[in-house]
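Colleague: I would like to go through this model with you. Please put it on the screen.

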Amino acid sequence: MRTADAVIVGGGVTGCSLAYQLAGLGLRRILVLERRFIGAGGTGRSVGIIRQLYPTPETTQMVLRSLAVFERFGEAVGGSSTSPGPAMAIPRP
Ligand SMILES: Cc1cc2nc3c(=O)[nH]c(=O)nc-3n(C[C@H](O)[C@H](O)[C@H](O)COP(=O)(O)OP(=O)(O)OC[C@H]3O[C@@H](n4cnc5c(N)ncnc54)[C@H](O)[C@@H]3O)c2cc1C
């Protein structure tokens, strides 16, 4: 019988991040089940903006923590990555 330490449904940023974090915690047999292809959902359409203000303090804290990950993303996962830069949103009058 085939077994896994963790089974994750969905190969978007949530599922892939979860797999990455679980691997960091020492799990070795992690199965990501994706019905189409990695990044097939909203993840593949994201324009990559990391805004830091969200409606709840919990979400804002989560994004601030993820920003720290993005700042060393290339070092953490290998390969090249683009460093986040500042941006400003200007509402239309
Ligand atoms: C046009 C657009 C632009 C965006 N721009 C930004 C941005 O700049 N910054 C930002 O922070 N966010 C942005 N977002 C939002 C962001 O992309 C999503 O919040 C994020 O990608 C959601 O990730 P997820 O892994 O939760 O879901 P998804 O990326 O949707 O992944 C879910 C995956 O699960 C799979 N799945 C579903 N059901 C099953 C099943 N039963 N079995 C197997 N697989 C299954 C799907 O095929 C999919 O691949 C944008 C979204 C869109 C649409």
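Colleague: Which element gives the largest share of the shell around the ligand?

Modeller: This is a predicted model, in which local features need pLDDT of at least 70, side-chain atom pairs count only at pLDDT 80 or more, and totals for chains, interfaces and linings use all residues. Residues are numbered from 1 along each chain as its sequence is written. Helices (H or I, at least four residues) and strands (E, at least two) are DSSP runs, numbered from the N terminus. With 3 residues, the largest share of the ligand shell comes from helix α1 (residues 13-24).

Colleague: How many residues surround the ligand?

Modeller: A residue is near a molecule if its C-beta atom, placed from the backbone, lies within 6 Å of it. The closest are Gly 10, Gly 12, Gly 41, Thr 43 and Ile 49, and the number surrounding the ligand is 20.

Colleague: Which residue in β2 stands opposite Ile 8?

Modeller: Strands β1 (residues 6-9) and β2 (residues 30-33) run parallel and are joined by 4 bridges; pairing requires that DSSP finds at least two bridges between two strands. Opposite Ile 8 in β2 is Val 32.

Colleague: How many residues of α2 are buried?

Modeller: Helix α2 (residues 57-71) has 15 residues. A residue is buried if 20 or more other C-beta atoms, placed from the backbone, lie within 10 Å of its own, exposed if 12 or fewer, and partly exposed in between. Helix α2 lies largely in the open, because its number of buried residues is 0.

Technical notes. Expected span 1.5 Å × (residues − 1).
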